[in-house]
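Biologist: Could you bring up the model, so that we can go through it together? I have a handful of short questions.
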Amino acid sequence: MTTQVPPRLTTTAGAPVTDNQNSLSAGPRGPLLMQDWQLLEKLAHQNRERIPERVVHAKGWGAHGTLKITGDISHLTCAKALQPDAETPLILRFSTVAGELGAADHERDVRGFAIKFYTEEGNWDLVGNNTPIFFVRDPLKFPDFIHTQKRHPRTNLRSATAMWDFWSLSPETLHQVTILFSDRGLPVSPMHMNGYGSHTFSLLNDAGERVWVKFHFKTRQGHRHYTNAEAVEVVGQTREGYQEALFAAIEAGEFPQWTMQVQIMTESQAETFPFNPFDLTKVWPHADFPVTDIGTLELNRNADNYFMEIEQLAMSPSNVVPGIGFSPDRMLQGRIFSYADAHRYRLGTHYEALPVNRPVCPVHNYHKDGAMRFLPPDTNPDAYYEPNSFAGPVETPSFREPPLPLDGPADRYDHRDGNDDFIQPRALFELFDEGQKARLCANIAAAMRTVPDAIAQRQIALFTRVHPEYGAGVQSARETLAKEG
């Protein structure tokens, strides 16, 4: 029991509260009074305590940490956060893609792995997943895909038919579907999975030379995964297993770590590579583009307030810093717009001024007014437009990126020999041992149990094109389930 003198309870305007236990009324049995401004304030505030949840990645868990660079890629990038011996504070948010805020943590799903680096040159947001690829390669298909992961407009239930109908009509999803229903589709905790930037980005050095890059974060805790049956048991005991595990580990001083790695591709290699190197449904083979260890990411501090630091955390691939840039990756180009736009809707016009989103470096721009503008007053009120003659903020042409190589036909990178949707899922399937193949096929068969047979057979035909054993395995598993009733 604390003996410290408690602070004075006040209203949001700072006035002292005289009674926080009883409403004002006209008498012992009389009606309440409109004069009870404290009651009205408390009820009105409670009605507004929730903000819209994220359309995707709604359920999440996160913590603060540090990135320490131990390798040397200074010849490839001038980004200060990636220079040898640099240490950068960060916050990392894990999430599930499909589930709502109240969903169980241990559901088979892709996991978000999103990092905000607070660099001295501005915030760098690397918004990825626990898989190196994704279901679709074009942002035009993303809203439709997400509709299949959400609730049916009539039943208000998740629809296996919608998911498998979309997947069976979109062969580009095969690679991600294979990963999702493999052992790695159900990590036991956030600490026991990898993270990936997934997209292709660019690194730029002081000379303005560009290379293409993929970012990876390999778990140092080892890979651990649940089967479907094990996950059902866990969910029966707790729906918050990820939050419990991550929070408890950090509180106990067991700080999780990941090795940061990069894959590098030159612009000339991209020109001659047998498939589109900017296709988000494909990986760069490690044999051709080996990974290089460059640093250590560690999580070492829990949030003091979940809502302020994790729920209001807003990241966007549009947040890059000098030395790191974009690529012709179509999904990346779409996310550059959609993420920031989602935050403006969900959190408000000035979401990046919230403490968890605020850069650690000075910020100078000409954005004005709008709802909830709580920034300090302008120190130079005459410079509220640009260009101006009053010493307002000016552009820095030296940080301009060289133009992206977009000349040539629109399908420059798309239609190449070997650029199909079956090669990489086949290579992945062939890496699995017999037990992993059996669990993969069983997981898929269970997920398709209620799906109309015509859709299931269309999907099995795609699996067969990946590998005859794949299609036969799923068909056999479906027949076994049917016999079991």
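Modeller: One term before we start: a salt bridge here is a side-chain nitrogen of Lys or Arg within 4 Å of a carboxyl oxygen of Asp or Glu. The side chains of Asp105 and Lys59 meet that criterion, with N and O 2.6 Å apart. Please keep in mind throughout that this is a predicted model.

Biologist: Where do Asp105 and Lys59 sit in the chain?
Modeller: Asp105 is in the loop between strand 2 (87–96) and strand 3 (111–119), while Lys59 belongs to the loop between helix 1 (37–47) and strand 1 (60–69), and the pair, 46 residues apart, links distant parts of the chain.

Biologist: And are Asp105 and Lys59 buried or exposed?
Modeller: Both Asp105 and Lys59 are buried. As background, side chains of opposite charge can pair when their charged atoms come close.

Biologist: How many salt bridges turn up in the whole structure?
Modeller: The search of the whole structure finds 20 salt bridges. There is also a network of salt bridges that links Arg137, Lys141, Glu172, Asp279, Lys282 and Asp421.

Biologist: What about Asp183, which residue does it pair with?
Modeller: Asp183 forms a salt bridge with Arg439, and their closest N and O atoms are 2.8 Å apart. Because Asp183 lies in the loop between helix 4 (174–180) and strand 5 (195–196), whereas Arg439 is part of helix 11 (residues 434–447), the pair ties together parts that are 256 residues apart in sequence. Arg439 counts as partly exposed, at 35% relative accessibility.

Biologist: Helix 11 again, then: which residue does Lys437 bridge to?
Modeller: Lys437 forms a salt bridge with Glu469, where the closest N and O atoms are 3.5 Å apart. Glu469 lies in helix 13 (residues 468–484) and Lys437 in helix 11, so this pair ties together parts that are 32 residues apart in sequence. As for accessibility, Lys437 counts as buried at 12%, whereas Glu469 is partly exposed, with a relative accessible area of 42%.

Biologist: Let's zoom out. What does the secondary structure come to?
Modeller: The protein has 13 helices and 10 strands. Its radius of gyration is 26 Å, close to the 23 Å that the globule rule gives for 485 residues, so the protein is as compact as a globular protein of that length. Taken along the principal axes, the C-alpha atoms fill a box of roughly 80 × 65 × 45 Å.

Biologist: What share of the residues is buried, and what supplies the exposed area?
Modeller: Buried residues make up 47% of the 485 residues. The protein exposes about 24,900 Å², of which carbon and sulfur atoms supply 55%.

Biologist: How far apart are the mean positions of the positive and negative charges?
Modeller: They are 5 Å apart, with 46 positive and 59 negative charges in the protein.

Biologist: What about contacts between residues that are not neighbours in sequence?
Modeller: Among contacts between residues at least 6 apart in sequence, 73% join residues at least 24 apart.

Biologist: Now the backbone. Which peptide bond is cis?
Modeller: The peptide bond from Glu386 to Pro387 is cis, with omega near 5°. Pro387 is placed in the loop between helix 9 (330–346) and helix 10 (423–431).

Biologist: What is phi like at Asp369, and where is that residue?
Modeller: Phi of Asp369 is near 55°, which is a positive value in a residue other than glycine. Asp369 is placed in the loop between helix 9 and helix 10, and at 53% relative accessibility it counts as exposed.

Biologist: And His57, what is its phi?
Modeller: His57 has a positive phi of about 60°, although it is not a glycine. His57 is found in the loop between helix 1 and strand 1, and at 13% relative accessibility it counts as buried.

Biologist: Last topic, two more loop residues. Where is Ser159, and what does it touch?
Modeller: Ser159 is in the loop between helix 2 (142–149) and helix 3 (160–168), and it is buried, with a relative accessible area of 15%. Leaving aside its neighbours within four places in sequence, Ser159 is in contact with Thr148 and Lys150.

Biologist: And Asp288, where is that one found?
Modeller: Asp288 is found in the loop between helix 7 (267–272) and strand 9 (292–301), and it is partly exposed, with a relative accessible area of 47%. From C-alpha to C-alpha, Asp288 and Val235 are 41 Å apart in space, with their positions 53 residues apart in sequence.

Conventions: Residues numbered from 1 in each chain as written. Predicted model: local features only at pLDDT ≥ 70, side-chain atom pairs only at ≥ 80, totals over all residues. Heavy atoms only, no water. Helix = DSSP H or I, 4+ residues; strand = E, 2+ residues; numbered from the N terminus. Rg over C-alpha atoms; globule rule 2.2 N^0.38 Å. Buried < 20%, exposed > 50% of the residue type's maximum accessible area, 1.4 Å probe, protein only. Contact = heavy atoms within 4.5 Å. Areas by Shrake-Rupley, 256 points an atom, 1.4 Å probe, with all protein chains shown as cover. Lys, Arg positive; Asp, Glu negative; His and termini not counted. Charge placed at Lys NZ, Arg CZ, Asp CG, Glu CD.
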